[in-house]
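I opened my notebook to look up a few things in this structure, one entry at a time. Have a look along with me.

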Amino acid sequence: MRNPGKNVEVTINNLIVSYNDEGPDDAPVIIFIHGFPFNKSMWNPQSDALKDSFRVIAYDVRGHGNSENSNTKFSIDLFADDLVGLMDALNLDSVMLCGLSMGGYIALNATERYPERFDALILSDTQCIADSPETIEKRKAAIQNINENGVEKYADESIKNLFAPVSFTARQKEIDAVKQMIINTTPQSLCNTLLALAERKATCASLSELNIPVLIMVGKEDKITPPEAALLMHKKNRQSKMFVLENAGHLANIENDYEFNTQLREFAGTVTKKSFVLSDTDGN
Ligand code: MLT
């Protein structure tokens, strides 16, 4: 039985997971997975624009947003199992899946291990390679920084790298909201997730073999997972489509929501053999 709305809860793998479930009952389903350390509200520009034609589900990854934390060791495998648990709980056999950054790592892991559960994959500002030794060292330093100086300082430092320069003048409200998402994440969850990110495996080989439509998007000024990382994924999956979004850094879905939504809507429309026109709510 569907329970539509915002901040709905379901228990999966002994954990309370919070999700938004909007759009018509019989519409094609897209599940959105947020980046680190954000929450499902980062997908509001997409749910607002797409919920007329799609059933849009965005959930909080374990330890983020309103989903419960747990003492279990975090891993991208565990996060992908939670995703499939959520699909099972909602009686969804197969869906289109969209992940940004960490959400992309989870999506790539899930499509590698459960390929039959996904009809299409949208990867935004993410990568299929594992962390380099330098990045692992930076994650360890970030853990130390959080433990010594607190979450607010970590949030301030993170914000500097997340956005394109133009967003600091044009998107201040959104930047403040993203900072709040970071601050609302507990230090324990931040540190556990940083370790999970550092330990994740590469997924480039399985991306090459993935036999579903793939859309890759990246902000032109993404410093964390730059356009070269997107291009590598595009080369691995020859059938994929790739778009570089202007005026966007790492959070392309927020910084250039109009272009992001346009590409996403067209792609999802092709997958579901429907064509959709942009509604007024999509415009900037
Ligand atoms: C994210 O946005 O999910 C993170 O930047 C991912 C990462 O640090 O690798």
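**Entry 1: an arginine in a loop**

In which loop is Arg 62 found? I traced Arg 62 to the loop between β4 (55-59) and α2 (76-89). A reminder to myself before going on: this is a predicted model.

Next I wanted to know whether Arg 62 is buried or exposed. Its relative accessibility is 5%, and buried means under 20%, so Arg 62 counts as buried. I then looked for a side-chain partner and found Ser 70, whose side chain is joined to that of Arg 62 by a polar contact of 3.0 Å.

The loop between β4 and α2 also holds Asn 71. Here the relative accessibility is 78%, and because exposed means over 50%, Asn 71 counts as exposed. I also noted a pair that is distant in sequence: Asn 71 and Ser 189 are 118 residues apart along the chain, with 9.4 Å between their C-alpha atoms.

**Entry 2: the ligand and what surrounds it**

Which residues surround the ligand? I listed Gly 35, Phe 36, Phe 38, Ser 101, Met 102, Tyr 105, Arg 139, Ile 224 and His 250.

I then went through the polar distances. A polar backbone atom of Phe 36 is 2.7 Å from an oxygen atom of the ligand. From the side chain of His 250, an N or O atom is 2.8 Å from a ligand oxygen. For Ser 101, the distance from a side-chain N or O atom to an oxygen of the ligand is 3.0 Å.

How much of the ligand's accessible area does the protein cover? On its own the ligand has 270 Å² of accessible area, and the protein covers 92% of that.

Phe 36 earned a second note. The peptide bond that leads from Phe 36 to Pro 37 is cis, and its omega is near -5°. I placed Pro 37 in the loop between β3 and α1 (44-50).

**Entry 3: strand β5 and its neighbours**

How many residues of β5 are buried? Six of the six are, in a strand that runs over residues 95-100. In a regular strand, side chains alternate between the two faces of the sheet, so I checked each face by itself. One side of β5 carries Val 95, Leu 97 and Gly 99, the other carries Met 96, Cys 98 and Leu 100, and all of these are buried.

Then I looked up the pairing. With strand β3 (residues 29-33), β5 pairs in the parallel sense over four bridges. In this pairing, Gly 99 of β5 stands opposite Ile 33. With strand β6 (residues 118-124), β5 is again parallel, over six bridges. I wrote down one bridge there: Cys 98 has Ile 122 of β6 as its partner. Between β5 and β6 the chain crosses through helix α3 (residues 102-113), and this β-α-β crossover is right-handed.

**Entry 4: positive phi values**

Most residues other than glycine have a negative phi. I therefore kept a short list of residues that depart from this.

- Asn 13 has a positive phi of about 50° and lies in the loop between β1 (5-12) and β2 (15-22). Asn 13 is partly exposed, at a relative accessible area of 44%.
- Asn 14 has a positive phi too, near 60°, and lies in the loop between β1 and β2. Asn 14 is exposed, at 76% relative accessible area.
- Lys 273, just after α12, takes a positive phi of about 60°.

**Entry 5: helix α12**

That last residue sent me to α12 itself. The helix covers residues 257-271, which makes 15 residues. From first C-alpha to last, α12 reaches 21 Å, close to the 21 Å expected at 1.5 Å a residue.

Which residues of α12 are buried? The list includes Asp 257, Phe 260, Asn 261, Gln 263, Leu 264, Arg 265 and Phe 267. I picked out Leu 264, whose relative accessible area is 0%, so this residue is buried. As a last distance, I took Leu 264 and Asp 156: they are 108 residues apart in sequence, and 30 Å separates their C-alpha atoms.

Conventions: Residues are numbered from 1 along each chain as its sequence is written. This is a predicted model: local features need pLDDT of at least 70, side-chain atom pairs count only at pLDDT 80 or more; totals for chains, interfaces and linings use all residues. Side-chain values use heavy atoms; hydrogens and water are left out. Helices (H or I, at least four residues) and strands (E, at least two) are DSSP runs, numbered from the N terminus. The expected span of a helix is 1.5 Å times one less than its number of residues. Buried means under 20% relative accessible area, exposed over 50%, partly exposed in between (1.4 Å probe, protein chains only). Two strands pair if DSSP finds at least two bridges between them. A crossover is right-handed if, with the strands pointing away from the viewer, the path from the first strand over the helix to the second runs clockwise. A residue is near a molecule or strand if one of its heavy atoms lies within 4 Å of it. A polar contact is a pair of N or O atoms within 3.5 Å; within protein, one must be able to donate a hydrogen and the other to accept it, and residues adjacent in sequence count only if both atoms are side-chain atoms. Accessible areas come from the Shrake-Rupley method with a 1.4 Å probe; for residues, only the protein chains shown count as cover.
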